[in-house]
Amino acid sequence: MSVTARERLLKRINDRSARIGIVGLGYVGLPLMLDFSDAGFQALGFDIDPKKVDLINAGKTYFVHIPDSRVTAATERGMAATTQYSRAAETDVMILCLPTPLNRDRGPDLSFVIDSLEGILPFLHPDQLICLESTTYPGTTEEEIKPRIESTGLTVGDDVFLVFSPEREDPGNREYSMSNTPKVIGGTTPACLEVGSALYASITKRVVPVSSTKAAELTKLLENIYRAVNIGLINEMKMVAERMGIDIWEVIDAAATKPYGFTPFYPGPGYGGHCIPIDPFYLTWKARTYGIETRLIEVAGDINTAMPAWVVGKAADALDALGKTLESARVLVLGVAYKKNVDDVRESPGIKILQTLLDRGAVVCYSDPFVPMLHRMREHDLKLTSVEINAELLSGMDCIIVATDHDAFNYAFIQKHAKLIVDTRGRYRGKFENVVKC
Ligand SMILES: NC(=O)c1ccc[n+]([C@@H]2O[C@H](COP(=O)([O-])OP(=O)(O)OC[C@H]3O[C@@H](n4cnc5c(N)ncnc54)[C@H](O)[C@@H]3O)[C@@H](O)[C@H]2O)c1
């Protein structure tokens with residue numbers, strides 16, 4: 001009896017001789033490649049950015065949350081990176097971890113995924129598994145990926161295998177990593193699901209198979225939309241509580257004592273990162289093609305995107321109460337990464353706060369130990385570098401806005417020397433004369 005592509009690939013996965021290609025070596029791709037290398041596979045990374053490729057090949061990291069030592073150890077075991085798509089021919093598995101942003105009309109921009117797929121297409125061969133990990137709308141794998149693969153003459157499910165398995169990477173999370181976070185997966189055919197599940201079982205304790213790639217795609221969107229909507233809800237609750245003179249943080253702590261039916265979410269200056277502000281609109285866009293308006297998702301998005309301006313308004317009110325105008329104020333923004341203890345500034349509300357302050361004429365600076373300077377972004381070019389915190393700097397500021405509560409900041413020292421603090425992260429509990437909770 002002849003051995004099938006499925007059997008050959010399963011054998012190579014199970015004996016770790018399968019060579020794993022990862023396309024897109026960003027926040028998702030690099031840790032994933034390291035996980036496969038740690039599990040005993042030869043891993044080859046693909047990226048269009050030669051700087052990343054050179055750093056990896058030199059055994060170096062470019063993320064603060066990944067130490068050089070991890071990359072060095074992996075390169076010593078044979079892990080490498082390349083800009084050449086032709087090397088896809090050397091692999092048994094190709095995993096796509098490309099950005100999936102929004103386009104100017106707030107619709108899905110799949111160009112990174114499609115461009116890279118078209119780059120590797122000429123080098124795909126029988127007995128290969130192709131996995132899409134990028135967050136996207138239900139139907140992408142079947143409608144956009146499968147036909148392109150089959151245009152090469154390969155049949156998905158027979159010659160090659162195709163799965164969608166969403167990434168749950170949470171950069172900087174020390175409790176949950178790939179190994180102890182269950183991995184959802186959907187296959188184009190049962191054979192695809194079997195091969196893909198075998199692959200991911202080698203790096204995580206629990207693989208969660210679902211019935212289709214569409215179900216896996218929607219699972220990821222549900223997870224992120226759940227967060228986006230609840231963040232919108234708690235930000236709305238914050239505005240109500242503030243008007244009523246109630247401390248929302250006290251209320252959340254009290255509600256969180258309920259042992260069932262309540263999961264705490266916390267207010268902030270808005271939402272950021274590559275996922276939560278973006279992904280919900282992938283579903284909104286696709287739902288519209290089915291004649292459905294996703295109203296709750298839109299409203300949560302409106303509330304969350306209005307937050308940076310709301311925070312600046314609160315700072316202006318607090319300055320006004322001290323006889324100062326925002327327009328003539330010196331304002332320090334603490335933290336510009338979108339969440340604490342990471343260096344990612346994509347869609348960050350801290351950046352939007354800086355921009356709004358500048359637009360209103362304030363003199364601004366920022367301090368962020370993870371972000372030494374602000375590079376040009378799609379919508380902002382602030383040309384600022386992080387300032388060092390000291391007593392003189394703090395006391396010279398009319399207002400300090402805590403936008404991101406990195407653990408590295410000395411909050412007691414900041415409070416001691418500040419004239420006015422606008423705290424968007426609930427870092428200052430209790431009553432302080434110079435702190436406005438917002
Ligand atoms: N960042 C997260 O925490 C996170 C978590 C879960 C899911 N995701 C999803 O994972 C996907 C990837 O996100 P990310 O944060 O890793 O993105 P990223 O921007 O950090 O990395 C993407 C990488 O792809 C490279 N790239 C771009 N075009 C390419 C091409 N044509 N060929 C080869 N490489 C190319 C870029 O140079 C970059 O290194 C997105 O869909 C995102 O929504 C991200």
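A polar contact is a pair of N or O atoms within 3.5 Å. With that cut-off in hand, a good place to enter this predicted model is the start of helix α3, which spans residues 50-57. Here D49 caps the N-terminal end of the helix, with a side-chain oxygen 2.9 Å from the backbone nitrogen of K51. Beyond α3 comes G59, and its phi is positive, near 75°.

We turn next to the ligand. It is surrounded by 26 residues, and V28, D47, K52, Y85 and T100 are the closest of them. By character, the shell divides into 12 nonpolar, seven polar and seven charged residues. Several polar atoms of the protein can be paired with atoms of the ligand. The side chain of Y85 places an N or O atom 2.7 Å from a ligand nitrogen. A polar backbone atom of Y27 lies 3.0 Å from an oxygen atom of the ligand, and a backbone N or O atom of I48 is found 3.5 Å from a ligand nitrogen. Taken alone, the ligand would expose 830 Å², of which the protein buries 92%.

The nonpolar interior comes next. In soluble globular proteins, nonpolar side chains tend to be buried together. In this model the largest nonpolar core contains 65 residues, and F36, I95, I149 and L199 have the most contacts inside it. Helix α7, residues 190-201, supplies the largest share of this core, with six residues. L199 illustrates how such contacts reach across the sequence: leaving aside residues up to four places away, L199 touches I13, I20, F36, V93, I95, L129 and C131. Another core, of 35 residues, lies apart from the largest one, and A315, A337, I351 and C399 are among its members.

Finally, K437 offers a view of strand β13, which covers residues 435-437. Is this lysine, K437, buried or partly exposed? K437 counts as partly exposed because its relative accessibility is 26%, while buried would require under 20%. Its side chain takes part in two polar pairings. One is a polar contact with the side chain of D247 at 2.9 Å; in the other, the side chain of K437 reaches the backbone oxygen of G430 at 3.1 Å. Both D247 and G430 also appear among the residues that K437 touches, together with D423, Y428 and R429, when residues up to four places away in sequence are not counted. As for R427, its C-alpha is 9.0 Å from that of K437, with the two positions 10 residues apart in sequence numbering.

Notes:
Residues numbered from 1 in each chain as written. Predicted model: local features only at pLDDT ≥ 70, side-chain atom pairs only at ≥ 80, totals over all residues. Heavy atoms only, no water. Near = heavy atom within 4 Å. Polar contact = N/O pair within 3.5 Å; in protein donor to acceptor, adjacent residues only side chain to side chain. Areas by Shrake-Rupley, 256 points an atom, 1.4 Å probe, with all protein chains shown as cover. Nonpolar A, V, L, I, M, F, W, Y, C, P; charged D, E, K, R; others polar. Core = buried A, V, L, I, M, F, W, Y, C linked by side-chain atoms within 4.5 Å. Buried < 20%, exposed > 50% of the residue type's maximum accessible area, 1.4 Å probe, protein only. Helix = DSSP H or I, 4+ residues; strand = E, 2+ residues; numbered from the N terminus. Contact = heavy atoms within 4.5 Å.
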